[in-house]
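Here are my notes on the model you sent. Please read them with the structure open.

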Amino acid sequence: MKDLTSGPEGRVILRFAIPMVIGNIFQQLYNVVDSIIVGKVLGEQALAAVGASFPIFYTLIAFVIGIGSGATVVISQYFGAKKYEEVRKAIGTIYIFIFIASILLSTFGILYSKEIFTLLKVGEDVMPEAISYFTIYISGLVVFFGFNSTASILRGLGDSKTPLLFFSISTLANIGLDLLFILVFEWGIEGAAIATVVAQGGAFITAILVLNNRDHLIHFGWKTFVFNWSIFRQSARIGLPTGFQQAFVALGMMALIRIINNFDTPVLAAYTAASRIDALAAMPAMNLASALAAFVGQNLGAGRIDRIKKGLRATLYMTWAISFFVMAIVIFQGEALMSLFSNNPEVIKHGHNYLIIISSFYPVFSTMFTMHGTLRGAGDTLIPMFITLISLWIVRIPLAAILSDQFGPSGIWWAIPFGWMIGLAGTFFWYLSGKWKNKGVTKKESF
């Protein structure tokens, strides 16, 4: 565990972020390799099925992710204020909540998967594989939540190195099991889903064994986990707006998939592959923003507003530098990257066009995400929720529908950065208001 309330701000954030960047690049690299194997071995219908499944999965888990992020903010602020007993209570509360939520969501997803895919207008050639993949994937929700919540809690406590170990294990196991189940056992798209569930389950068990053998604030045991309603209400107050925000984003992804499904299957396959590359390219900036959120949480708990402003400025400089570098790689190598996923020229063409348009706005995206990280770490999540609602549902989705009629799939791609620009403008002006400074769960006289 690391105290983020002392030391040079930029260096502290960078050192904390590096293991997160490496770990999440590993995780995103798995998604890329998984899609490459699925696309090359099983074909564009299977690749499209994976792409159609993700926004549904993300929509179902959005509120739980939101409350979990709220709990992480609570944990980081209590840790910054040196209130370790409250930290333990918060950890126990969030684990009990995610266990119950995962059982309920898995049941719902399995029972209503066909109806959801029908609502998204998924083609008949993609539907059977999409349902098979999604049903297996959603059944492993309890280990997904357990694994990712443990990593998030550790980051809130200032420990970004241990999650790197867990992500490395999960990624390497995922890739190995993908190759085994798809190429050797020939289990098809079901093999890809089983590989993910088994790999994440193995990583979560590893996390339990490692942490239980340490002198750590996180300790897995029936007696150590007690549900605390007061802390849960604090987590919900902070996390529910983030949950709504995540839900808006997830539903927006589903709406985008529905618009994309007005075109042929190669367009959905192209979007699936290109968005994997896009997610990998955006990962460094997103992890720096997450490191900043933990930094802000601890320093707000310690009453160090001055450090928060310096930390934000340093993080912006780092994300801008990375964004321009990654943008150049994606623009000039986009066609070669797309050819890794498919041999279909139409898939490659649409995916390359997506990458050129989206990557040109990476600096805008990284700035927006960094500003969001500051507000999230402070526990100020309500107004950012409304900003996301406006940028997504009033700008991006209607614009995607209108432009797709005029310009085809390219119109959908252009709508995405337009939404980012509106989101950045709203977030920036809200940050300037300074009201985020009074959102902490602990109070200091120096405020």
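Is L183 buried, partly exposed or exposed, and at what relative accessibility? L183 counts as partly exposed, because its relative accessibility is 45%, and the range for that class runs between 20% and 50%. Bear in mind throughout that this is a predicted model.

1. **The nonpolar patch.** L183 belongs to a nonpolar patch on the surface. The other members are V41, L179, L180, V184, F185 and W187. Together the patch residues have about 600 Å² of accessible area. Helix α7, residues 161-184, gives the largest share, with 4 residues. L183 itself lies in that helix.

2. **A stacked pair beside the patch list.** W187 is a patch member and also has a ring partner. Its ring pairs with that of F181. The structure holds 24 aromatic pairs. In the pair of F181 and W187, the ring centres are 4.7 Å apart and the planes sit at 25 degrees, so the pair counts as stacked. The two residues differ in cover. F181 is buried, at 8% relative accessibility. W187 is partly exposed, at 39%.

3. **An aromatic cluster.** Other rings join up too. F57, Y133, Y137, F144 and F145 are linked into a cluster by ring pairs.

4. **The loop after α7.** E186 is placed in the loop between α7 and α8, the latter spanning 189-212. Its phi is positive, about 55 degrees, although E186 is not a glycine. E186 counts as exposed, because its relative accessibility is 64%. I would look at this backbone in the viewer.

5. **A second positive phi.** K82 is another non-glycine residue with a positive phi, near 65 degrees. K82 sits in the loop between α2 and α3. At 44% relative accessibility, K82 counts as partly exposed.

6. **A salt bridge between distant parts of the sequence.** Side chains of opposite charge can pair when their charged atoms come close. A search of the whole structure finds 4 salt bridges. One of them joins E9 and R307, at 3.4 Å from N to O. E9 lies in helix α1 (residues 9-42) and R307 in helix α11 (residues 305-338), so the bridge ties together parts that are 298 residues apart in sequence. Both partners fall under the 20% cut-off for buried. E9 has a relative accessible area of 15% and is buried. R307, at 3%, is buried as well.

7. **Two salt bridges within α3.** What separates E85 and R88 along helix α3? They are 3 residues apart, which means about one helical turn, and the helix covers residues 84-111. Their side chains meet in a salt bridge at 3.9 Å, N to O. E85 is partly exposed at 46% relative accessibility, and R88 is partly exposed at 39%. K89 and E86 also form a salt bridge, at 3.6 Å from N to O. This pair, too, is 3 residues apart in helix α3, about one helical turn. K89 is partly exposed, with a relative accessible area of 32%. E86 is partly exposed, with 23%.

8. **A buried serine at the end of α12.** S359 is found in helix α12, residues 345-359. S359 is buried, with a relative accessible area of 0%. Where does its side chain find a polar partner? A polar atom of the S359 side chain lies 2.6 Å from the backbone oxygen of L355. Leaving aside neighbours within four places in sequence, S359 is in contact with M327, V330 and I331.

9. **A buried alanine in α2.** A48 is in helix α2, residues 44-80. A48 counts as buried, at 0% relative accessibility. Which residues does A48 touch, not counting those up to four places away in sequence? They are V126, T265, L268, A269 and T272. A48 and D125 are 77 residues apart in sequence, with 9.8 Å between their C-alpha atoms.

10. **What to check in the viewer.** Start with the bridge between E9 and R307. Then turn to the patch that includes L183 and W187. Finish with the positive phi values of K82 and E186.

Methods:
Residues numbered from 1 in each chain as written. Predicted model: local features only at pLDDT ≥ 70, side-chain atom pairs only at ≥ 80, totals over all residues. Heavy atoms only, no water. Patch = residues over 30% accessible without salt bridge, like charges linked within 9 Å, V, L, I, M, F, W, Y side chains within 5 Å. Areas by Shrake-Rupley, 256 points an atom, 1.4 Å probe, with all protein chains shown as cover. Buried < 20%, exposed > 50% of the residue type's maximum accessible area, 1.4 Å probe, protein only. Phe/Tyr/Trp six-rings, centres within 6.5 Å; stacked < 30°, edge-to-face > 60°. Polar contact = N/O pair within 3.5 Å; in protein donor to acceptor, adjacent residues only side chain to side chain. Contact = heavy atoms within 4.5 Å.
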